[in-house]
Amino acid sequence: EVNPSYIRSIDMGTGAVIHEKIKLLAMEFDEVFNSITENTKLWLDAIPQAPQPWARDSIAQMKAKILIPDEFEGLYEAYIKREDFYELILNMIGKYYDSGTYEEYVALDPLKGEVFVSDGVTYTNYYDYLAKSSDALYQALQMGIINTDSIDESQDYMTRLEIAKTLVSIGNELGMDISEYEILAYDDIDEVSENEKPYIYIAASRGLIKGDGRNFKPYDYCTYQEAYVILYRLYKSL
């Protein structure tokens with residue numbers, strides 16, 4: 001900056017090492033900024049947003065029932081992170097147990113990863129245990145909520161297929177009847193394996209997660225507001 005003519009003359013006018021470093025940085029910045037598109041939704045989780053009209057009522061109901069923790073305020077249009085999704089699941093399960101409206105229901109042991117049926121047992125201590133830990137993924141894994149076969153560890157976000165598997169697994173353990181479902185003719189259903197198709201059929205038949213026209217889009221990510229609406233449907237169906 002002080003002596004530009006001198007710097008330009010370094011290396012016989014071909015540029016100094018600092019010039020090559022600046023060019024490299026400029027290229028990296030171009031690549032990063034070009035990746036910020038409507039489709040990737042990168043950095044949206046850092047910008048406070050408002051929910052879309054189609055999601056407002058469900059989100060308002062969830063907030064009234066304290067199903068959305070305060071730290072999720074302003075997160076709507078960004079893709080939901082896997083850990084955040086399972087934190088919402090754990091919070092919802094806690095509220096479900098706290099309701100005390102079920103004489104018999106399935107309990108999930110977070111320490112042993114075991115499932116057992118209990119009659120008339122209060123789960124205050126159980127929910128207190130969840131509240132003390134911040135590792136939602138570890139908790140969900142120990143409880144058997146996470147289906148490890150459906151997780152692509154290279155991705156930080158929830159696909160619609162992973163969400164469908166999670167909803168069906170939790171619904172089944174909490175008493176939802178999944179024995180009957182409609183086989184739906186999605187155009188892209190063959191993108192998933194045969195043993196994964198029933199999860200989509202059950203979740204869609206129960207109205208928990210809906211297709212996009214004639215497609216289910218199993219490997220598309222869900223936004224926070226989409227996840228809120230889906231989880232509220234599960235909550236109401238239990």
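# Close-ups of a predicted chain

**View 1. Tyr-235 touches Lys-65, Leu-67, Met-92 and Lys-95, leaving out residues up to four places away in sequence.** Touching, or contact, means heavy atoms within 4.5 Å. Tyr-235 sits in helix α9; helices (H or I, at least four residues) and strands (E, at least two) are DSSP runs, numbered from the N terminus. Look for Ile-93 too: Tyr-235 and Ile-93 are 142 residues apart in sequence, yet 8.7 Å apart in space, C-alpha to C-alpha. A quick word on what you're looking at: this is a predicted model, where local features need pLDDT of at least 70 and side-chain atom pairs count only at pLDDT 80 or more, while totals for chains, interfaces and linings use all residues. Residues are numbered from 1 along each chain as its sequence is written, and side-chain values use heavy atoms, with hydrogens and water left out.

**View 2. The protein chain has nine helices and two strands.** Follow the sequence and you meet them in the order α-α-α-α-β-β-α-α-α-α-α. The chain has 238 residues, and 40% of them count as buried; that label means under 20% relative accessible area, with exposed over 50% and partly exposed in between (1.4 Å probe, protein chains only). Take the contacts in the chain with a separation of 6 or more: 70% of them come from residues 24 or more positions apart.

**View 3. Helix α3 covers residues 53–64.** Its 12 residues reach 17 Å from first C-alpha to last, close to the 16 Å expected at 1.5 Å a residue. The expected span is 1.5 Å times one less than the number of residues. Which residues of α3 are buried? They are Ala-55, Ser-58, Ile-59 and Met-62. These four cover an arc of only 100° around the axis, so they lie on the same side of α3; the arc is taken from the directions from the helix axis to the C-beta atoms. An α-helix has 3.6 residues a turn, so residues three or four places apart point the same way. Helix α9 is part of what covers the buried residues of α3. Over on the other side of α3, Pro-53, Asp-57 and Ala-64 are exposed.

**View 4. Ile-66 and Lys-217 both have a phi near 55°.** Most residues other than glycine have a negative phi, and most peptide bonds are trans. Ile-66 comes just after α3, in the loop between α3 and α4 (82–99). With a relative accessible area of 52%, Ile-66 is exposed. Lys-217 belongs to the loop between α8 (197–205) and α9, and its relative accessibility of 32% makes it partly exposed.

**View 5. Helix α7 (residues 160–173) is largely enclosed by the rest of the structure, since 11 of its 14 residues are buried.** Among the buried ones are Arg-160, Glu-162, Lys-165, Val-168 and Gly-171. From first C-alpha to last, α7 reaches 20 Å, close to the 20 Å expected at 1.5 Å a residue. Just past the end of α7, Gly-175 takes a positive phi of about 100°.

**View 6. Tyr-219 is in the loop between α8 and α9.** How exposed is Tyr-219? It is partly exposed, with a relative accessible area of 44%. Not counting residues up to four places away in sequence, Tyr-219 touches Thr-159, Leu-161, Glu-191, Val-192 and Glu-196. Val-192 is 27 residues from Tyr-219 in sequence, and their C-alpha atoms are 9.1 Å apart.

**View 7. Asp-156 is in the loop between α6 (136–142) and α7.** Asp-156 is exposed, at 54% relative accessible area. Leaving aside neighbours within four places in sequence, Asp-156 is in contact with Ile-80, Lys-81 and Arg-82. Asp-156 and Tyr-221 are 65 residues apart in sequence and 9.9 Å apart in space, C-alpha to C-alpha.

**View 8. The largest pocket has a volume of about 340 Å³.** Of the 16 residues that line the largest pocket, Trp-54, Arg-160, Lys-210, Asp-212 and Glu-226 are the closest to its centre. On a 1 Å grid over the protein atoms alone, a pocket is an open set of points where a 1.4 Å probe fits, with protein on both sides within 12 Å along at least five of seven lines, and lining residues have an atom within 4 Å of a point. Grid points are joined across faces, edges and corners, and the volume is the space filled by probe spheres set on the points. Helix α9 (residues 224–237) gives the most to this lining, with four residues. By class, the lining has six nonpolar, two polar and eight charged residues. Here Ala, Val, Leu, Ile, Met, Phe, Trp, Tyr, Cys and Pro count as nonpolar, Asp, Glu, Lys and Arg as charged, and the others, Gly among them, as polar.
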